[in-house]
Number of protein chains: 2
Amino acid sequence: MTMRKIAESTVRRLSLYLRCLEGFEAQGLDTVSSDVLAARGGTTSAQVRKDLSFFGSFGKRGLGYSVRELEGELRTILGLGRRYRVAVIGAGKIGSALVQYPGFSQRGFDIVAIFDADAQKVGRAWNGLNVRNVRELDQALREEPADIVVIVTPGEVAQSMADRCVALGVKAILNFAPIQLQVPEDVVVKHVNLALEFETLTFALKNR
Amino acid sequence: MTMRKIAESTVRRLSLYLRCLEGFEAQGLDTVSSDVLAARGGTTSAQVRKDLSFFGSFGKRGLGYSVRELEGELRTILGLGRRYRVAVIGAGKIGSALVQYPGFSQRGFDIVAIFDADAQKVGRAWNGLNVRNVRELDQALREEPADIVVIVTPGEVAQSMADRCVALGVKAILNFAPIQLQVPEDVVVKHVNLALEFETLTFALKNR
């Protein structure tokens, strides 16, 4: 079994199970059944068992899963057993929301640099970081490599930013720009498009 | 064939094709091949033809698709042939980014009301709208119904906000809060979780 074959929808559910487990641990629960995880994750207990079975054997029949153990396993599976250095290109509203969101650092994501092309924004303090001129991007990433780059620029410049990051060895990009980035096969891109999220809603409204 | 069976990944690609076509139209192109659409949409021409075949017969062998015609068809399929009234609950950074994003109104989404529970935010002007007290939500939506509600609140209150919206007849919710909302079957919920997007990246980094 190769991990490559795991569907993104499965990975998303694993993330949701992890969130539920964190809540259960905070409430002092030791074990949890697949039924309860399913109800909180918006799926069925059969789906929970199937999702977890991809990664080995968890839980005991009739006893459920150990909250703490499953939490640890899911963190490992999701690659959350370490911290990640994140650089943000584009100091707009979305970038600002990310930088100020305490959940990111809690979950292991450290925003280490922010870049913008707008002279008005360069030099401003953002949550303890100064916005840097995007001209310094190559030098900055060479000196302090980033594990993940978030691109929040206009569509016209997003591909050239991605190209620069890829040339500097970046292997993971979260793209908010409204274009499909072209990257080599060994680079992972996740495209977040808020207008597109609205369109999956309007499609559903129209076609139900 | 029921529309219900169309996978969300297909709908997302249709949205991307539409974006490409809009770009081609702006460049003055009359026709486009499935190869070109595929390259711009990050997929294969076979996939483009398959995606479009769900909805009828488009294009002519050897001639490609008419840019303008396919654009119109995709708008209709995606439910973009009309305008939508959008209410936002939670006047934080993400809400602010949505309200100020010109692309939304261009694509037919009109943000008609913003609500917050924070007295410091209530009454502030946001892009021509005043932030309203969330206590007024029920009355406001009764007077001026919203087609889509965007929930950008803390997780603890998101479900109660969703319940109120559902009771008021809202059929589509875009949820940014970090919980899985429980809603009746006839309500569509799309969950956007930015931390979760990062976790699909870390999973891919760890498991490739």
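Biologist: What makes α2(B) and α3(B) neighbours, and which residues meet?
Modeller: In this predicted model, B:Ser34, B:Asp35, B:Leu37, B:Ala38 and B:Gly41 in α2(B) meet B:Ser45, B:Gln47, B:Val48 and B:Arg49 in α3(B). Contact requires C-beta atoms within 7 Å. By class, three of these residues are nonpolar, four polar and two charged.

Biologist: Why is α2(B) called roughly perpendicular to α3(B)?
Modeller: The two helices pack at an angle of about 100°, with axes 8 Å apart. Angles of 65 to 115 degrees count as roughly perpendicular. So α2(B) is roughly perpendicular to α3(B).

Biologist: How do you know what relation links chain B to chain A?
Modeller: Superpose chain B on chain A. That takes a rotation of 180° with 0.0 Å of shift along the axis, and the RMSD is 0.0 Å. This is therefore the relation of a two-fold axis.

Biologist: Why do you say that the copies meet through the same surface?
Modeller: Because 100% of the interface residues of chain B are also interface residues in chain A. In the interface, 49 residues of chain B are in contact with 49 residues of chain A.

Biologist: Which element gives the most to the side of chain B that touches chain A?
Modeller: That is α9(B), with 14 residues. The residues on this side of chain B divide into 25 nonpolar, 11 polar and 13 charged.

Biologist: What makes up the contact between α9(A) and α1(B)?
Modeller: From α9(A) come A:Leu196, A:Glu199, A:Thr200 and A:Phe203. From α1(B) come B:Glu8, B:Val11, B:Arg12 and B:Ser15. Three of the contact residues are nonpolar, two polar and three charged. The helix axes come within 10 Å and cross at roughly 120°. The crossing is right-handed.

Biologist: Why are β5 and β9 of chain B called edge strands?
Modeller: Each of them pairs on one side only. Two strands pair if there are at least two bridges between them. The seven strands form an open sheet in the order β5-β6-β4-β3-β7-β8-β9 in chain B, with mixed pairing.

Biologist: How do you know that β7(B) and β8(B) pair?
Modeller: Count the bridges. Three join β7(B) to β8(B), and pairing needs at least two. These strands run parallel. B:Val149 stands opposite B:Ile173 in β8(B).

Biologist: What does α9(A) touch on that sheet?
Modeller: It packs on β3, β4, β7, β8 and β9 of chain B. The direction of α9(A) makes about 165° with that of β9(B). Angles over 145 degrees count as roughly antiparallel, so α9(A) is roughly antiparallel to β9(B).

Terms used:
Residues are numbered from 1 along each chain as its sequence is written. Chains are lettered from A and ligands numbered from 1 in the order in which they are written. This is a predicted model: local features need pLDDT of at least 70, side-chain atom pairs count only at pLDDT 80 or more; totals for chains, interfaces and linings use all residues. Two residues are in contact if their C-beta atoms, placed from the backbone, lie within 7 Å. Helices (H or I, at least four residues) and strands (E, at least two) are DSSP runs, numbered from the N terminus. Ala, Val, Leu, Ile, Met, Phe, Trp, Tyr, Cys and Pro count as nonpolar, Asp, Glu, Lys and Arg as charged, and the others, Gly among them, as polar. Copies are superposed by least squares on the C-alpha atoms of residues with pLDDT of at least 70 in both. Axes are lines fitted to C-alpha atoms, for helices over the stretch in contact, and angles run from 0 to 180 degrees between N-to-C directions. A crossing is left-handed if the near helix is turned anticlockwise from the far one by less than a right angle, and right-handed if clockwise. Angles under 35 degrees count as roughly parallel, over 145 as roughly antiparallel, 65 to 115 as roughly perpendicular and the rest as oblique.
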